[in-house]
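This note sets out points for a colleague who is reviewing the model. Comments are grouped by region.

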Amino acid sequence: MTAVWVLNGPNLSRLGSREPDVYGHATFEDLTLTCQNEGRMLGFEVDVRQTDDEAELIGWLHQAATDSIAVVLNPAAFTHYSYAVRDACALRTAPLIEVHLSNPAAREEFRHTSVVAAVASGTIAGFGMTSYVLALRALTEMSN
Ligand code: DQA
């Protein structure tokens, strides 16, 4: 089975209790199960991870690049300012789809910039957990 990594940045472990008006009531465990179930239907072996640590996220992106593993990435707040995460994404050797639960373009000004978008294969935002489902489905159509 093809491996796909679903990587999540800071504060996403708090889903369910974190600003439910913005991010909904589903927990990170719900998100994990949704991604694993969708992946199974699509023939992917999905590994869902979350970290609050920029260095750890960069390490995972390096490993994905080395092993040519496709990535669905929610960089969370790193989206808006981490050139280090951006540069790690630029190393990719397989598709990398940026996802967001909310629609950052419809929120505060600082969220309107994604430093990652230009080096991602594409971006899906604003559909809650369905953003991740759509990203996994998009991967079935992509070679890079
Ligand atoms: C987010 C949007 C970011 O602006 C925010 O910092 C997050 C979550 C989203 O999934 O909607 O942590 O990436």
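The numbered points below concern a predicted model and take up the ligand, the pocket, the cavity, one helix and two backbone angles.

1. Ligand surroundings. The residues around the ligand are Arg18, Tyr23, Asn74, Ala76, Ala77, His80, His100, Leu101, Ser102, Arg107 and Arg111. Three side chains place a polar atom at short range from a ligand oxygen, within the 3.5 Å cut-off for a polar contact. For Arg18 the distance is 2.9 Å, for Asn74 it is 2.8 Å, and for His80 it is 2.7 Å.

2. Largest pocket. The space in the largest pocket comes to about 170 Å³. Its lining consists of 15 residues, and those nearest the centre are Arg18, Tyr23, Ala76, Ala77 and Arg111. These five names also occur among the residues that surround the ligand. Sorted by class, the lining comprises 7 nonpolar, 5 polar and 3 charged residues.

3. His100. This residue belongs to strand E4, which covers residues 96–100. Is His100 buried or exposed? With a relative accessibility of 6%, His100 is classed as buried, because the limit for that class is under 20%. The side chain of His100 makes a polar contact of 2.7 Å with that of Glu98. Leaving aside residues up to four places away in sequence, His100 touches Asn74, Pro75, Thr79, Thr123, Ile124, Ala125, Gly126, Phe127, Gly128 and Ser131. His100 is also one of the residues around the ligand, as is Asn74.

4. Largest cavity. How many cavities of 30 Å³ or more does a search of the whole structure find? The search returns 1, and the largest cavity holds about 50 Å³ of space. Helix H3 (54–67) and H4 are the elements that give two or more residues to its lining. H3 supplies the largest share, with 3 residues. The lining residues are Leu61, Ala64, Ala65, Ile69, Val71, Ala88, Cys89, Arg92, Thr93, Ala94, Pro95 and Leu96. By class, 10 of them are nonpolar, 1 is polar and 1 is charged.

5. Pro95. One of the residues lining the largest cavity is Pro95, which sits in the loop between helix H4 (83–90) and E4. Its relative accessibility is 7%, so Pro95 counts as buried. Pro95 and Ser68 are 27 residues apart along the chain, and their C-alpha atoms are separated by 8.7 Å.

6. Helix H5. In H5 (residues 130–139), the buried residues are Ser131, Tyr132, Val133, Ala135, Leu136 and Leu139. The elements that cover them include strand E1 (2–8), helix H2 (28–42), strand E2 (44–50), strand E3 (70–74), E4 and strand E5 (122–125). Ser131 is also among the residues that His100 touches.

7. Positive phi angles. Most residues other than glycine have a negative phi. Against that background, two residues deserve a look. Glu19 has a positive phi, near 35°, and is placed in the loop between E1 and helix H1 (20–23). Ser68 has a positive phi of about 50° and is not a glycine; Ser68 lies in the loop between H3 and E3. Which accessibility class applies to Glu19 and to Ser68? Glu19 counts as partly exposed because its relative accessibility is 39%. Ser68, with a relative accessible area of 44%, is partly exposed.

Technical notes: Residues numbered from 1 in each chain as written. Predicted model: local features only at pLDDT ≥ 70, side-chain atom pairs only at ≥ 80, totals over all residues. Heavy atoms only, no water. Helix = DSSP H or I, 4+ residues; strand = E, 2+ residues; numbered from the N terminus. Buried < 20%, exposed > 50% of the residue type's maximum accessible area, 1.4 Å probe, protein only. Polar contact = N/O pair within 3.5 Å; in protein donor to acceptor, adjacent residues only side chain to side chain. Contact = heavy atoms within 4.5 Å. 1 Å grid on protein atoms, 1.4 Å probe; cavity = no way out; pocket = protein on both sides within 12 Å on 5 of 7 lines; lining within 4 Å. Points joined across faces, edges and corners; volume = space filled by probe spheres on them. Nonpolar A, V, L, I, M, F, W, Y, C, P; charged D, E, K, R; others polar. Near = heavy atom within 4 Å.
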